[in-house]
Amino acid sequence: MVEVTLFFQGKNLVGIQSRGHAGFAQSGSDVVCAAVSALMQSLVYGISEVAKLKSASIHVNPRVPVIRVNWPEIECEKISLLTQTISQSLKIIARDNSKHVKIYSEVNNPS
């Protein structure tokens, strides 16, 4: 099961994490896992190389596997098209493959 967590600060999306394997098919043939991985890698590339967001935090551990990307709330507007596209695409994959991908949300409300 791939667990995707969307992190929010109030209403602003400030991070996305994917963790685990989908288990849709054997390793190397798992199209669901490949789709999630491709989206997460696109997020990493888009934030680091296209938007050149130096304030973002990117953590990758292929042994777990986990990819986590966080960015400051102040940068949300700058990268909104990218982050909304990735998060909505992940939600569609989870909707169509609910036995293999789950979406969770964590909200930190500003004090």
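Hi everyone, let me start with the cysteines: this structure holds 0 disulfides. A disulfide, as a reminder, is a covalent bond between the sulfur atoms of two cysteines. Cys33 is buried, at a relative accessible area of 13%, and Cys76 is buried too, at 11%. Please keep in mind throughout that we are looking at a predicted model.

Now to the sheet. In what order do the 5 strands of the open sheet come? The order is E3-E4-E2-E1-E5, and the pairing is mixed. E3 and E5 are the edge strands, each of them pairing on one side only. From one strand to the next, the twist averages 15°.

Let's zoom in on strand E1, residues 2-9. Of its 8 residues, 6 are buried, so E1 is largely enclosed by the rest of the structure. On one hand, E1 runs parallel to E5, and 8 bridges join the two. If you want to find that pairing on screen, look for Glu3, whose bridge partner in E5 is Lys102. Further along, Phe8 stands opposite Val107 in E5. On the other hand, E1 pairs with strand E2, residues 12-19, in the antiparallel sense, this time over 7 bridges. E1 and E2 form a hairpin with 2 residues between the strands, and Gly10 in that hairpin takes a positive phi near 65°.

Thr5 is a nice residue to click on here. Thr5 sits in strand E1 and has Gln17 as its bridge partner in E2. Is Thr5 buried or exposed? Its relative accessible area is 10%, so Thr5 is buried. Setting aside neighbours within four places in sequence, Thr5 is in contact with Gly15, Ile16 and Gln17, and also with Tyr104 and Glu106.

Moving over to E2, have a look at Ser18, which belongs to that strand. Ser18 counts as buried, with 8% relative accessibility. Again leaving out neighbours within four places in sequence, which residues is Ser18 in contact with? There are Val2, Glu3 and Val4, then Val36 and Met40, and finally Pro65, Val66 and Ile67.

Next, the helices. The axes of helix H1, residues 31-50, and helix H2, residues 80-96, come within 10 Å and cross at roughly 170°. Anything over 145 degrees counts as roughly antiparallel, and H1 and H2 are therefore roughly antiparallel to each other. Which residues make the contact? From H1 we have Val32, Ala35, Val36, Leu39, Met40, Ser42, Leu43, Gly46 and Ile47. H2 brings Leu82, Thr83, Ile86, Ser89, Leu90 and Ile93. By class, the residues of this contact are 11 nonpolar and 4 polar, with no charged ones.

Just past H2, let's stop at Asn97. Asn97 lies in the loop between H2 and strand E5, residues 101-108. Its relative accessibility is 18%, so Asn97 counts as buried. Not counting residues up to four places away in sequence, Asn97 touches Phe24 and Val32. How far apart in space are Asn97 and Val32, given that 65 residues separate them in sequence? From C-alpha to C-alpha, Asn97 and Val32 are 7.7 Å apart. And Val32, as you may remember, is one of the H1 residues in the contact with H2.

I'll finish with backbone geometry, since I know some of you will be checking torsions. Most residues other than glycine have a negative phi, and most peptide bonds are trans. With that in mind, there are two spots to look at.

Lys52 is not a glycine, and yet has a positive phi of about 50°. You'll find Lys52 in the loop between H1 and E3. With a relative accessible area of 48%, Lys52 is partly exposed.

Then there is the peptide bond that joins Val64 and Pro65, which is cis, with omega about -15°. Where is Pro65 found? Pro65 is in the loop between strand E3, residues 57-61, and strand E4, residues 66-70. Pro65 has come up before, as one of the residues in contact with Ser18. So if you centre your view on Ser18 in strand E2, the proline of the cis bond will be among its contacts.

That's my tour, thanks for listening!

Notes: Residues are numbered from 1 along each chain as its sequence is written. This is a predicted model: local features need pLDDT of at least 70, side-chain atom pairs count only at pLDDT 80 or more; totals for chains, interfaces and linings use all residues. Side-chain values use heavy atoms; hydrogens and water are left out. Axes are lines fitted to C-alpha atoms, for helices over the stretch in contact, and angles run from 0 to 180 degrees between N-to-C directions. Helices (H or I, at least four residues) and strands (E, at least two) are DSSP runs, numbered from the N terminus. Angles under 35 degrees count as roughly parallel, over 145 as roughly antiparallel, 65 to 115 as roughly perpendicular and the rest as oblique. Contact means heavy atoms within 4.5 Å. Ala, Val, Leu, Ile, Met, Phe, Trp, Tyr, Cys and Pro count as nonpolar, Asp, Glu, Lys and Arg as charged, and the others, Gly among them, as polar. Buried means under 20% relative accessible area, exposed over 50%, partly exposed in between (1.4 Å probe, protein chains only). Two strands pair if DSSP finds at least two bridges between them. A disulfide is a pair of cysteine sulfur atoms within 2.5 Å.
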